[in-house]
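Here are some exercises to work through with the structure in front of you. Try each task on your own before reading its solution.

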Amino acid sequence: MSCPTGHADNRRYLASDGGSFRPALVLICAIALAAPPAWAREPSHGLSYFGDLKYPADVAHFDYANPDAPKGGRIKLPSIGTFNNLNPYVDKGLLARFISPRSGSAGSIILDPLMRKCEDELAAYYVWLAESVEVADDYSWVTYKLRENAYWHDGRPVTIEDILWTFDMIKTKGSPMWKSLYHDIVRLEQVDEWSFTFHFSETAEKTPQLVIETATFAPAPKHYWETRAIDETTLEPPLGNGAYRIAAVDPGYKVVYERVEDYWGRDLNFAAGHFNFDAVEIIWFFDKRVMLQALRAGAFDYWFEENESDFATAYDFEGYRKGLFKKETYRMGFAYGMHFGVVLNTRRPPLDDIRVREALTLAYNFEWANRVFWHTGMNRNNSFFVRSGMQAFGSPSAEELAVLERFRGQVPERVFSEPIELPENEPFGRNRETLLRADALLENAGWVVKDFRRVHEVTGEPLALEFIVTRHEHLRMLTPFVENLSRLGIDASLRRIESNAMTNRLREYDFDATIRKVYTYKVPFPTRMRHAFTSPYAGRPNMTNYAGIRNPVVDSLVEMIVKARTEDALNTAGRALDRVLLHGFYVIPDGHPVGRHMVYWDRFGHPPIGVPHMNWQGMPYLWWFDEEKSARVDAGIAALKEN
């Protein structure tokens, strides 16, 4: 067995074989005493998917962070729905925000990962809980050295025991999601007192993304969880090691995070300008209408507004007119993916028929909805990879055709010749032309109109569909679509359910159609791509392949993307996949925002936002409290209430 680093110590292994673990083995790697293997890279302070890292190890701070940002103040943020769980390692219940190591861009604020993503590079990660990272040239393993000064909030050090125990826990007790995330890691090896190595399976795709999957690994404290059920939900604030701890919990309604004054990483150069608020308070609302009223009344401070109609109309109130409340728009650096779309569950007939799915897509009048509901603030999602190098445009290029040619006969012939854009409807009136095309497709599929109802010409069974949503704006968005379907004789119903019920139904794929965000990335994560699009995950519960896509061509193209060694190869395979997915009509595309919107009471400062400065808005990780601004806002709100 090759030794991955230059250390020659007794090694402890945790090995996974079909989900079971063998006892720890002791190996002596004497050959490593002479020199590090020639095929091992030098330990580094980070990893870049393509090219070199932008920042050196001794950089004072990231360009997008403000190292002079003052510490202090409180920010109150809303969330829609509810929560009943504070344990990030279980896929049960509804997890509160900012706890999961894999949530959002910056991950957890109570648990530190081995590395964190840089926000002004395409795909670069810098060490955080780890002091260094070392990667095999063939990407068969990655070694981390743990920082010796990291400790949990109870003062006990973060140790290799915590790393080993957490990995063992995920592999043996973890939920299907967590197990699948680390499926390609066959064992975790302790190198010495502070270093450890993830070894990847022989069949795993040896790419930088494989290493990146380990970057967000965040250990749990063994001494804390050994006396608790880590595979169950809990409302007891868990012990962490991050910049914040959970200070207060009002179940289902509120969580308060307080900044840890003696946070072990407070002087870390990569942390400069981060985690500035003394307290971050999250308040949950069941209904967005109520939440907006509370925001305008000053009950909380900030909202990331994704509804174009609300951004255009819901904030014209006295606080905004007096300059106390701000509306800002920026262009996001991240890829949008499909943003919002109507996912069609192909596990259920008649949605397993591509002709029916195309007919439903034609019946959706995006242009009308964009004018009426979204105030023309959206562009159509003619791609699963919007604002990414993998977004396809127009007819296939020669490079794309070279990739697609091997699949001729397995995909619709139109993939090779037709432009990718969906037909444009007239934003005023009915989309009569596309409805006529939809009618013809349904007739061809055997669904005919009798007595004003769409029925199957053989069985007489009516064509009936139920659309389920949780958000009010999605209810508005689908209402005219359901009316259009009724004009085609389809018995379509629209039902709004609460978030718990939606979560459970999504886990079991118990729906005909629903609105989801289909997330993709400029550099896709293999596991997430597979979970969302490939055949092996269409039948497993609690995955994101909500459409139930079982297409060997899609499977092959996803693997090409995963194995791409250059950005050009990645983008070419991605564009080919984009065409196959769109011509499969698995999702009825809605739109993505021309810009992203933030609305907030003017109490804060923030770094430059959007391309080219940052890929996201950095809330609350990079914002800071401004006492002078806040005093002005408080006085202004008090004056408004008096009037």
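**Exercise 1. Work out whether helix H1 is mostly covered or mostly open, and look at its length and its start.**

Solution. Bear in mind that this is a predicted model.

- Step 1: Find the helix. H1 covers residues 160-173, which makes 14 residues.
- Step 2: Check the burial. A residue counts as buried under 20% relative accessible area. Ten of the 14 residues in H1 pass that test, so the helix is mostly covered.
- Step 3: Name some of them. Among the buried residues are Ile160, Leu164, Trp165, Phe167 and Ile170, and also the charged-type names Asp162 and Lys171.
- Step 4: Compare the length. From first C-alpha to last, H1 reaches 19 Å, close to the 20 Å expected at 1.5 Å a residue.
- Step 5: Look at the N-terminal end. Thr159 caps it, with a side-chain oxygen 3.2 Å from the backbone nitrogen of Glu161.

**Exercise 2. Classify the ring pair Tyr263 and Phe275, then do likewise for Phe277 and Phe604.**

Solution. A pair of aromatic rings is described by the distance of the centres and the angle of the planes.

- Step 1: Recall the cut-offs. Centres must lie within 6.5 Å, and planes over 60 degrees apart count as edge-to-face.
- Step 2: Apply them. A search of the whole structure finds 40 aromatic pairs. In one of them, the centres of Tyr263 and Phe275 are 6.4 Å apart and the planes stand at 85°, so this pair is edge-to-face.
- Step 3: Place the two residues. Both Tyr263 and Phe275 lie in the loop between strand S12 (254-259) and strand S13 (279-285), twelve residues apart.
- Step 4: Check the burial. Tyr263 has 6% relative accessibility and counts as buried, and Phe275 is buried with 6% as well.
- Step 5: Turn to the other pair. Phe277 and Phe604 are 5.6 Å apart centre to centre with 90° between the planes, again edge-to-face. Phe277 belongs to the loop between S12 and S13 and Phe604 to strand S26, so the pair ties together parts 327 residues apart in sequence. Both of these residues are buried.
- Step 6: Widen the view. Tyr263 and Phe275 belong to one aromatic cluster, whose members include Phe98, Trp128, Trp264 and Trp616.

**Exercise 3. Find which strands stand at the edges of the sheet S14-S25-S15.**

Solution.

- Step 1: Read the order. Three strands form this open sheet, and their pairing is antiparallel.
- Step 2: Count the partners. S14 (302-305) and S15 (325-330) each have a single partner strand, so one side of each is left without a neighbour in the sheet.
- Step 3: Add the twist, which averages 15° from one strand to the next.
- Step 4: Follow the bridges. S15 pairs with S25 over six bridges, and Lys326 has Tyr600 as its partner in S25. S14 pairs with S25 over four bridges, where Phe304 is matched with Met598.
- Step 5: See where the side chains go. From S14, Tyr302 and Phe304 point one way while Trp303 and Glu305 point the other, and all are buried.

**Exercise 4. Which ring does the charged end of Arg228 sit over?**

Solution. The ring belongs to Tyr224, and the charged end is 3.8 Å from its centre. For a further example, Arg371 lies over the face of Phe428, at 3.9 Å from the ring centre.

Key. Residues are numbered from 1 along each chain as its sequence is written. This is a predicted model: local features need pLDDT of at least 70, side-chain atom pairs count only at pLDDT 80 or more; totals for chains, interfaces and linings use all residues. Side-chain values use heavy atoms; hydrogens and water are left out. Rings of Phe, Tyr and Trp (its six-membered ring) pair if their centres lie within 6.5 Å; planes under 30 degrees apart count as stacked, over 60 as edge-to-face and the rest as tilted. Helices (H or I, at least four residues) and strands (E, at least two) are DSSP runs, numbered from the N terminus. Buried means under 20% relative accessible area, exposed over 50%, partly exposed in between (1.4 Å probe, protein chains only). A charge sits over a ring if NZ of Lys or CZ of Arg is within 6 Å of the ring centre and within 35 degrees of the ring normal. The expected span of a helix is 1.5 Å times one less than its number of residues. A polar contact is a pair of N or O atoms within 3.5 Å; within protein, one must be able to donate a hydrogen and the other to accept it, and residues adjacent in sequence count only if both atoms are side-chain atoms. Two strands pair if DSSP finds at least two bridges between them. Axes are lines fitted to C-alpha atoms, for helices over the stretch in contact, and angles run from 0 to 180 degrees between N-to-C directions.
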